[in-house]
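Here are some exercises to work through at your own pace. Keep the structure open beside you, and try each task before you read its solution.

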Amino acid sequence: MKRIFAYMIAAALLTLTSCDAWLNVKPYDKMSEEELLSTEAGFIKLLNGIYIELNSDMLYGAALSVEMVEIMGGAYVIGTDNSVWGNYADLAAYKYQTDYWRARLNETWNKAYALILNCNLLLENLEKTTVKFSGDNYRVIKGEALALRAMLHFDMLRLFGPVYSQNPDAVAIPYYKKYSVTPNALLMASEVAAEVIRDLNEARILLANDPVRTSGTMTSAPADGSSTFMYYRNLRLNYYAVTALLARTGLYFGDREAAYDYSTEVIQASSDGIFPFVDKNLVIGSPDDPDRIFSSEVIFALSHSQRNKLFKGYYDPSRIPNYVFRMDNDLMNNIVYGGGATTGGHQDDYRYRVNWVATGANRYFYKYSDMVDAGSIQNTMIPMIRLGEMYLIAAESRSADIAAGVGFVNQLRSNRGVGNLSALTKELLQYEYIREMYGEGQLFFMYKRMYSPVIVSSTASKNPSPSNAVFVLPLPSSETDN
Amino acid sequence: MIIILAVSSWVASAQVSTAVLKGTVIDAADGYPLIGVSVMLNGTKQGTVTDIDGSYELKVPQDKCEVVFSYVGYDDVVKAYTTKNASSFSRIVMSANAEQLADVVVTGVYERKKESFTGASATFKTDQLKAVGSSNVLQSLKTLDPSFKMMESTQFGSNPNVMPDIEIRGKTSVAGMKEEYGTDPNQPLFILDGFETTLETIMNLNMNRVASVTILKDAASTAIYGSKASNGVVVIETKAPARGRLQLSYKGDFGLSLADLSDYNLMNSREKLEFETLAGVYRDNTNDPFAQIRLDNLRNERLKEIERGVDTYWLSEPVRPGFTHKHNIYAEGGEDKIRYGIGLSLGNVAGVMKDSDRQTLEGNVDLIYRTGKFQFSNKLSINWLDVTNPTVSFAEYAYANPYYRKYNADDGIDKYLYYPEEGIDDYPVANPLWNAHLNNWDTASGFGFTNNFIFEWFVTKELRFRAKFGLTKQDDDEQTRLSPQHTQFDDSGETEKGLYTHTQIKELSYEGDVAVTFGKLFAKKHMVNAVGGFNFSNNHRQVYGYSATGFTDDQFDAPSFANGYPVGDSPDYNESLKRAASFYINGGYAYAERYLLDFNYRLDGASMFGTGNRFRNTWSVGTGWNIHKEPFMKDNDFFSLLKVRGSIGNPGNQNFSAYQAFSTYKFNGWMTNVFGTGVILNALGNADLAWQETTNYDIGADLTFWGERINMTLDYYWKHTDPLLAVITTPGSMGVTSVAMNAGSQKTRGWETSIRVSPVYKPSEGIIWNISFNATSAKSEYANIGNSFAALNESGKSSLVGTTRYYDGGSPTAIWAVRSAGIDPATGKELFIKKDGTYSFTYDVNDEVVVGDTQPKVEGLVGTSLYFKGLSVGCYLRYRWGGQVFNSSLFQKVENIGTQEVYNNQDKRALYDRWSENNRDAYFKGISLVQRTEKSSRFVMDDNSLVGESFNVGYEFPDKIARKMRIGAMNVQLTMSDVFRATSVRVERGIDYPFARTVTMSLGITF
């Protein structure tokens, strides 16, 4: 009898040890982390999934490119008729606390951090994986994931953080560097800045051997049908995109030297033929089918398979009687594309000639209108950072005196078919920003950075004055309540 | 009947001083030979066993000695051999162990004498269950045991197709988990014939098949189930076939259910119109004279209808008398070696709403084969299920206004009772009869089988080896259809009308168990029991579903007539695989039947828990003292049972989702790019999730005294669930908005008692009068939850009805609201009491305090039963005292009637008890459609009630009469459930489905 018990216990112990494997259940209708990230392809799919999700309407697919943030940046004429404009009038008046905008901001915030979580899960698994990666893929995947994490945090800081130049030590947002089931504390803006820079620097080192540095952006699939992973580098956070982000962050965080060094590095790469200025013939030489986003100059773009929605959904004049986003006529006529030498605005500006089309008394914005060739990669691109911005950053950061940067602005202008400015002022630089990056979600951040009035009109008194109420968005309630 | 052929003889010889005893061992109950009985010469190892005919031959020394006959489950027979009485060994009669049959606690893993068991448990036999009700086992259990609670659903009433929420000794988990995970984390574990099963199986089980039900409540009794046991265990044993010639029995239940609409207090047509007039429905606010004329006309039209006598009672439309009938035929028989039982059960439950049916058909085959020391038993059951649900909820009839006619002048049904003219900004009022008369349906059907196989090896009298394997397969199929003419599709495009949905659920589970059981009395004093075993289980569930739309016709409803799939809809597929493996031991020691000690240990592993926390230990210790067995009580014949017991243990809970422990990913789906497909996080897992565990303390006493006339059980318990497992809303910056995690703990303290007094107790004459009383009370509170549930609290504060809050020290059942001082007679405004005690007309949600608790202070049943010869009469009343309720009827159907709700019929009190210049002392605010009433203590009322839960009369026909009718036995019984209901608060119950009152006639015949 004792023997039987002994056998029983031995058998039980044996079974229990083999149990662990039996208890390790994998779902069939979902991909488990273990299975997905057991191959290099899994990591690549996850990374690509994050890029794809950036196209969400809550992020750069609308809210942070053409819609929400651009309204805050004063780019559009917003009417007051509720039946046409819905909640946009509230946003144009910076009423962030309405139920609708609280919910929208909450969505954007949650989505951005959800993708940050994806980055962190990717990075953590990358850290402990035993998978053998081909070529330089490990460093590239890691570099891009770090850069994505930095970029998303940076944009959340630019939205929800303080006006950095005024109040760098204000409590801003949390910075998530790893997956955690307990919330991270809110950090001061300057602490977030340090984290952003650290991640970007690390990413830049990891991407040092990025093929973009030698082979350029390679905007077509390999002829032999092999993996496209190392192609279309301008659709990924490549080495120069990270460098450009460092220029952008440097300027935002008041590190003029960094901004100058990084922006000029990208400008140098451009002169070396990696992100060349757009071929004049593609712009004005083909009036029926111009390359409206100046695709060769885009250092990093998202690829959105239905990018046409941006045009159809917000800018298409045939949307009337519904709302259509367009620039204030006076602003356009007197400043952005008018005013001549005083403002630098001319109607022969390529940026005017390809992107603005008159219908009736108004001009409408066509940057996101498709090119004729339906399959062209340009029709999917949402520019996230472009060469023009590098010139403007270099101009602003060359010296403490903004006037010293006039040469960079003029270089840019000469490639836009307009003459030189004789001198550079903050306002003239801002006008250049409007011309260069209209509809790309950067204007609000520019005004916030400079703590200057938001230019919505040519009449200065109509422009909202800088204030925290305008520039600092309230944190979502889920952050403050939990 | 049985002729003993065995002839005994003995041969004496001078040389060989041995004798041979020969004979047959038979069962006292039915005279059948017993196979495998051990026949031993006492004090030696010399012995034999009986063969297939029950015969034996034993060589004994030609000397005085003793022979011991022993057989599992039977009392030992010790017979002295005097060298001269050999012939008396020819026929040995053994009787089944009385204790084995009577006071035994069946845990599903092992059985223990009630007297020596230290756990808190209650066992009920089929007769007791049948005496109080005949709908299902659980319904009866609720009447018999106070700790077993079936939650009444205000929403679903007596819908036979909605599974109730069940609790034993209260909740151990946070609300909201059921919504999140689909499994009720407070549901007890159900064990049917030794195998884990589902609530639905138990609900479908024909009561006539049940032999006994045991409720295991405390740690000592449940810990053997380890991590599944913290909510208590319900162990159900079905009847095993009896030996003998083929015996056929029939049991039938015939019931009639009627809807109980007494809680509805709706206005009649005149009252409703007056209410609408006072509410300003017929007053134009824009001072547009034409609009005012239209409204005047509308009112006059309605008034005219009322004058013509229109006062429609809509509630009678969807209800019907529900006729329920259930039948069970069972044929059983066999001899000692092989026994069989074949049964067929049919159940046809008709709910009190039209189109509300539940049909079950169940066939079962039980086989027991016993040879020597081995026994094989197999129970197979196959079940069919067919379910129909009404497609228009009861609420829609309750909303319909009494001044509308049901039918138009041609006796047809109009789609709308009221449809606003062109250009009038008014809500159309749909006719509930319209949607009800269409060809809509909501049905489900199921087919499944369960096969449970048990092998037992009676190694010795003390040692038994058992292996079990159970397999259950269940396929369900749910289909719903909404006609294209349904009002829901009024605004849909031609190709989007009508909706068909189809869901298929496939489930396969198996469970295996091997165990060794040991039980022996050493030195006549030390009783040792031990069980050790290994158990594994696997549950695989798949759900497939799709929907189709674009029907053009009401009549032709096959899915093939659909135009396509709803835009943007994709097929559903869900799968879950849960596995568990456990090792368990149980030991019991009793010294001289006086001092008792039990312990349990179980090691559980489950796939639901993360790799960091995959295994968990459960333990329990129980002790007891049988005072009545003490020497100093020897002369006492007052107490026949006086036991005190106590236990402590930590059973766990794993009623949680299958994949909560690890992260899963999905394809982006909506977009691909030049790089191909992408994948992102689908659900974030928590690999460190700890098992929810409940430390359970229990002290109790069992008493039987005064010549068995008084029977008492008392228990005091203390439960501490730590950690709680809950879905916590998180800051969005964590990347997910909610995550399953361990947060805080919950403490529950409670007591329960059952007392049975028999003023008349003459069991020998068949006369017994019992009075029973049971009561239970419990109090719970949260601890250490901090701010984890802030988001739930916030959403509760802002929602119209939520009164549950999660704070440290707060009770899970507390009602939170701002205190109200009533309606100010002067102004008609509500006066609130702020947190600091000051009065204010301004409502501030932050002034919320606890204003009541839905958990009653004490709840239970009082009952009486009388047995007189064959006649029995019983009556059980449920009482509830000391609880409160937030009266949502008052809140939503008296006040808070907005511009849309005013088109629904309302509670009479909305008209009569409202504040006005002439009625300044009113309890309710003045009539207004725009004023929002906030949750305040004004709507919290004492909820004391007395319910006539079960009345019954039964008669067992005497043998004489039965024999005359040429049948074996016959009994009839009449049971009435929920006969009356007296409550201190009037609140609408049965919103979507009314409650029912039922009368059932039961008949049992054995041929």
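**Exercise 1: A hairpin in chain B**

Start with one facing pair: G448(B) stands opposite Q474(B) in β25(B). The model is a predicted one, in which local features need pLDDT of at least 70, side-chain atom pairs count only at pLDDT 80 or more, and totals for chains, interfaces and linings use all residues. Residues are numbered from 1 along each chain as its sequence is written, while chains are lettered from A and ligands numbered from 1 in the order in which they are written.

Task: Find how many bridges join β24(B) to β25(B).

Solution. Step one is the vocabulary: strands (E, at least two residues) and helices (H or I, at least four) are DSSP runs, numbered from the N terminus, and two strands pair if DSSP finds at least two bridges between them. Step two is the count: β24 (residues 441-457) and β25 (residues 463-482) of chain B run antiparallel and are joined by 17 bridges. Step three is the link, as 5 residues lie between the two strands of this hairpin. Finally, look at β26 (residues 499-522) of chain B, which runs antiparallel to β25(B) with 20 bridges; here T480(B) faces T501(B).

**Exercise 2: Where the chains meet**

Task: Work out which helix gives the largest share of the side of chain A that touches chain B.

Solution. Begin with the contact itself, where two residues touch if their C-beta atoms, placed from the backbone, lie within 7 Å. Chain A brings 56 residues and chain B brings 51 residues. On the chain A side, elements supplying at least two residues include α1 (2-23), α3 (40-53) and α7 (99-128). The largest share, 10 residues, belongs to α1(A). Now sort the chain A side by class: 34 nonpolar, 14 polar and 8 charged. Here Ala, Val, Leu, Ile, Met, Phe, Trp, Tyr, Cys and Pro count as nonpolar, Asp, Glu, Lys and Arg as charged, and the others, Gly among them, as polar.

**Exercise 3: A sheet built from two chains**

Task: Say which strands stand at the edges of the sheet that holds β33(B).

Solution. First put the 3 strands in order: β1(A)-β33(B)-β34(B), an open sheet with antiparallel pairing. The edges are β1 of chain A and β34 (679-683) of chain B, each with a single partner strand, so one side of each has no neighbour in the sheet. Then check the join between chains: β1(A) pairs with β33 (residues 664-667) of chain B over 2 bridges, and M31(A) is opposite Y665(B).

**Exercise 4: Two helices side by side**

Task: Describe how α3(A) and α7(A) cross.

Solution. Their axes come within 10 Å and cross at roughly 165°; axes are lines fitted to C-alpha atoms, for helices over the stretch in contact, and angles run from 0 to 180 degrees between N-to-C directions. That makes α3(A) roughly antiparallel to α7(A) (an angle over 145 degrees). Next, name the residues in contact: among them are F43(A) and L46(A) of α3(A), and L115(A) and N118(A) of α7(A). By class, this contact has 8 nonpolar, 1 polar and 1 charged residues.

**Exercise 5: A covered helix**

Task: Count how many residues of α17(A) are buried.

Solution. A residue is buried if 20 or more other C-beta atoms, placed from the backbone, lie within 10 Å of its own. For α17 (residues 387-397) of chain A, the count is 11 of 11; E389(A) and E396(A) are among the buried residues. As a last step, find the partners: these buried residues pack against elements including α11 (239-252), β2 (298-303) and α19 (426-437) of chain A.

Key. A residue is buried if 20 or more other C-beta atoms lie within 10 Å of its own, exposed if 12 or fewer, and partly exposed in between; C-beta atoms are placed from the backbone. Angles under 35 degrees count as roughly parallel, over 145 as roughly antiparallel, 65 to 115 as roughly perpendicular and the rest as oblique.
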